[in-house]
Amino acid sequence: MAPYIGTGTSRIDGIAKVTGAAKYAAEFNAPGLLHGSIVASTIAKGRLRRIDASAAKRVEGVVDVLTHTNRPRIADDDKAYKDDVAPSGSPFRPLYDDRILFSGQPIALVVAETSEVARYAASLVEVEYEKEPHVTDVYRQRDAAIPVKPPTNEFEALFTPPKTRGAPEQALAAAAVRHEAEYTTPIEHHNPMELYAATVVYEGHGKLTVYDKTQGVQNVQRYLCGVFDMKPEDLRVVSPYVGGAFGVGLRPQFEAVLAVLAARALRRSVRVVLTRPQMYALGYRPAMIQRIALGANSGATLDAITHDAVTVTSQYEDYNRQETGWSGLLYTCANASYAHKLAKLDLPTSCDMRGPSAATGVYALECAMDELAVALNIDPLDLRLRCYSERNQDTGQPFSSKELRECYRQGAEAFGWDKRNPEPRSTRDGRDLVGWGMATGVWDAWQAPITVRIVLSASGDAEVACATSDIGTCTYTIMAQVAADMLGLPLEAISVKLGDSSLPQSPVEGGSWIAASVSSGIATTAAAIRDELLRLAKQIPNSPLASAAPGEVALVDGKLVSKADASRSVSIADAMRQGAVTNIEREITTNPGQDARAHNTHSAIFAEVKVDEQLGVIRVTRVVSAVAAGRILNAKTASSQILGSVVWGIGMALREETLIDHRDGRIANANIAEYLVPVNADVQDIKVIFVDEADDSNPLGVKGVGEIGIVGVPAAIANAVYHATGKRIRDLPITLDKLLV
């Protein structure tokens with residue numbers, strides 16, 4: 001039987017999704033199900049003076065209107081509202097009191113027999129406010145930004161800016177060639193296809209089953225148990241399918257709290273579905289102001305780097321990621337400094353969004369490197385190769401693997417980079433100016449503790465279970481592929497259970513760590529199954545494996561087989577028959593080993609743009625993305641991940657921007673008609689290359705590809721726009737008005 005790992009296996013959940021059999025959070029039903037509709041604040045800061053729900057309550061079919069004045073008791077301390085990935089600060093508490101912290105904040109929940117009645121009645125609720133001065137403009141708060149606080153736990157420590165190396169200010173002043181500029185990126189919202197929703201089934205005796213859209217069912221379970229003082233055995237969270245999340249589902253969102261609140265108050269099942277505009281009151285990629293200074297010597301290598309950033313967070317939490325230190329993973333430089341400050345605004349707390357910090361931080365870095373190459377009069381790719389680092393410059397650690405040079409080579413060859421004329425505005429196609437740009441991508445290759453349960457039956461079927469999520473990233477399929485290879489079974493013999501808080505422990509799915517974590521967990525647990533089968537097989541009279549050690553056998557084609565001599569084997573059925581068992585079950589926690597190396601994925605992106613010289617319209621006509629991400633578990637779906645990331649990178653570069661009317665602190669384009677994302681007509685030729693990369697950080701050499709595909713893409717496009725037009729636009733998105741000025 002040919003191995004499944006590395007092949008382009010189709011999604012095992014694909015048929016369920018395209019036929020409608022896959023159920024999402026708002027599609028689970030229960031007898032007597034009620035529907036909740038949120039009333040949201042229309043001011044950005046202040047207090048609720050009065051909520052008049054009398055008209056809403058008179059509507060036939062309305063059951064109740066919940067506010068902070070009549071809701072059931074909820075926790076009153078910050079600790080209860082802290083989830084697994086919460087930043088420092090005081091988390092938002094839905095319907096807790098009369099304070100307004102941001103526009104769009106839920107201030108009431110209308111519960112009715114149908115969703116239509118609930119939504120209509122919600123429009124009748126009258127609200128009076130006591131307004132207070134607000135600030136939602138990062139540029140107004142720039143000078144008041146505060147330094148990122150020291151980490152208080154291991155999770156926060158992952159995102160602390162690196163320490164200063166050498167004497168960067170002196171080195172910069174003495175550099176033969178210097179470049180210094182400011183780069184800005186706007187707030188961006190996730191806009192997954194599936195609306196955020198929670199269906200809470202009231203099971204009786206106070207027990208609840210919560211079907212929620214989330215990237216971490218156990219995180220939501222712990223959070224809700226804290227908020228409502230419930231026992232885990234009385235509250236189960238289920239999320240078998242997720243229609244896109246991209247980071248906004250890492251933390252529990254307020255739809256789950258409101259649905260549970262109503263279910264407990266009314267002792268009935270309740271569903272709450274956010275509208276598209278209401279989803280803009282969840283997290284977002286923070287706006288970012290970056291200032292980068294680079295100093296190079298006459299040999300075109302780096303002498304100094306300074307990278308300072310100001311990012312947006314809320315008034316009540318300090319969300320931040322490691323925005324400024326990515327250069328240390330890419331380029332050799334003895335002198336470097338990094339600074340990161342937070343501008344606190346009257347907005348919801350910002351959050352992770354695909355490639356958090358790297359998508360924005362590397363954008364600025366790679367544009368600055370392109371500008372330095374122009375100042376040095378050398379090829380941008382040549383500059384990166386001259387500055388190439390074999391170690392993490394900030395820690396001194398060697399990389400577990402780094403095939404970035406090969407990414408550069410294969411990407412440049414596939415793109416035809418050697419044919420590039422370096423002179424801006426030198427290439428035309430009819431009325432279009434043609435530009436070529438490139439950039440580097442880098443992301444972390446993390447692995448987290450995870451528990452996997454495998455039940456192998458004598459009939460040759462196996463069930464693999466873990467509470468992890470599949471947010472569309474093919475987790476179901478890669479779990480089945482790895483299990484099939486590790487257990488020596490056909491793919492159709494593997495069933496996968498995930499997205500249920502009652503299953504074995506898993507971290508939230510994010511940061512590209514689940515593929516490496518869960519595949520390692522399956523490998524570890526499958527090895528325990530193999531060991532038990534070998535123990536039983538040795539009990540067979542005259543067993544051909546009597547003298548075999550666990551490491552000397554493998555599960556292949558439904559048999560336990562000697563690696564040295566394939567003719568020596570015992571079938572799974574015979575081993576279990578000998579032990580008088582019908583199945584073997586093992587549940588094992590796998591922890592990443594201690595490793596004093598740096599673990600990262602890398603990429604090289606090459607982009608071609610065509611710019612209408614008269615109208616300023618930009619089209620991205622070609623992108624080549626060459627990625628080194630360890631062993632690729634599924635060639636088809638991994639390529640799809642990179643393709644989707646590149647499309648998102650096109651959106652970052654040319655389309656996406658959340659627009660806030662700072663007069664009232666409200667988002668002006670909170671819909672998918674005016675929040676622009678790339679569509680089919682914007683996407684042309686994208687080529688994905690996976691560069692072979694051996695890595696021994698985990699049993700399968702897996703790193704993960706969820707984030708790396710977007711990192712560097714906006715910079716490659718911005719650099720291509722400069723090459724085409726001769727105009728350097730340092731403020732994303734690059735729109736035609738900026739080009740025509």
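User: Which residues are linked with R142 in a network of salt bridges?

Analyst: In this predicted model, the network of salt bridges joins R142 with E180, E182 and R291. The structure holds 49 salt bridges in total.

User: Why do R619 and D432 count as a salt bridge?

Analyst: The rule requires a side-chain nitrogen of Lys or Arg within 4 Å of a carboxyl oxygen of Asp or Glu. For R619 and D432 the N to O distance is 2.6 Å, so the pair satisfies the 4 Å limit. This pair links distant parts of the chain, with R619 in strand β28 (residues 618-628) and D432 in strand β19 (residues 432-444), 187 residues apart.

User: Why is D432 called buried, and why is R619 called partly exposed?

Analyst: Buried means under 20% relative accessible area, exposed means over 50%, and partly exposed lies in between. D432 has 10% relative accessibility and therefore counts as buried. R619 has 35%, so R619 counts as partly exposed.

User: What makes D418 and K419 a salt bridge, and why are D418 and K419 called exposed?

Analyst: The closest N and O atoms of D418 and K419 are 3.8 Å apart, and the pair is therefore accepted under the 4 Å cut-off. D418 has 68% relative accessibility and so counts as exposed; K419, at 65%, also counts as exposed, because the threshold is over 50%.

User: How do you know that D731 and K738 meet in a salt bridge, and why is D731 called partly exposed?

Analyst: Their side chains lie 2.9 Å apart, N to O, so the 4 Å criterion is met. D731 has a relative accessible area of 30%; because this value falls between 20% and 50%, the term is partly exposed.

User: Why is the pair of F28 and Y211 called stacked?

Analyst: Ring centres must lie within 6.5 Å, and planes under 30 degrees apart count as stacked. The centres of F28 and Y211 are 3.9 Å apart and their planes are at 10 degrees, so the pair is stacked. F28 lies in the loop between α1 (14-19) and β1, and Y211 in strand β11 (residues 207-212), so the pair ties together parts that are 183 residues apart in sequence. Both F28 and Y211 are buried.

User: What makes the pair of W443 and W446 edge-to-face?

Analyst: The angle between the planes of W443 and W446 is 65 degrees, with 6.0 Å centre to centre; the pair is therefore edge-to-face, since that class begins over 60 degrees. W443 counts as buried because its relative accessibility is 3%. Ring pairs also link W443 and W446 with F159, W326 and W513 in a cluster. The count for the structure comes to 18 aromatic pairs.

User: How do you know that the charged end of R728 sits over the ring of Y722?

Analyst: The charged end of R728 is 3.9 Å from the ring centre of Y722, so the distance satisfies the 6 Å limit. In a further case, R93 lies over the face of Y96, at 4.6 Å from the ring centre.

User: What lines the largest cavity?

Analyst: The lining has 21 residues, with F92, R251, P252, Q253 and E317 nearest the centre of the largest cavity. These lining residues divide into 14 nonpolar, four polar and three charged. The space in the largest cavity is about 290 Å³.

Notes
Residues are numbered from 1 along each chain as its sequence is written. This is a predicted model: local features need pLDDT of at least 70, side-chain atom pairs count only at pLDDT 80 or more; totals for chains, interfaces and linings use all residues. Side-chain values use heavy atoms; hydrogens and water are left out. Buried means under 20% relative accessible area, exposed over 50%, partly exposed in between (1.4 Å probe, protein chains only). Helices (H or I, at least four residues) and strands (E, at least two) are DSSP runs, numbered from the N terminus. On a 1 Å grid over the protein atoms alone, a cavity is a set of points where a 1.4 Å probe fits but cannot get out, and a pocket is an open set with protein on both sides within 12 Å along at least five of seven lines; lining residues have an atom within 4 Å of a point. Grid points are joined across faces, edges and corners, and a volume is the space filled by probe spheres set on the points. Ala, Val, Leu, Ile, Met, Phe, Trp, Tyr, Cys and Pro count as nonpolar, Asp, Glu, Lys and Arg as charged, and the others, Gly among them, as polar. A charge sits over a ring if NZ of Lys or CZ of Arg is within 6 Å of the ring centre and within 35 degrees of the ring normal.
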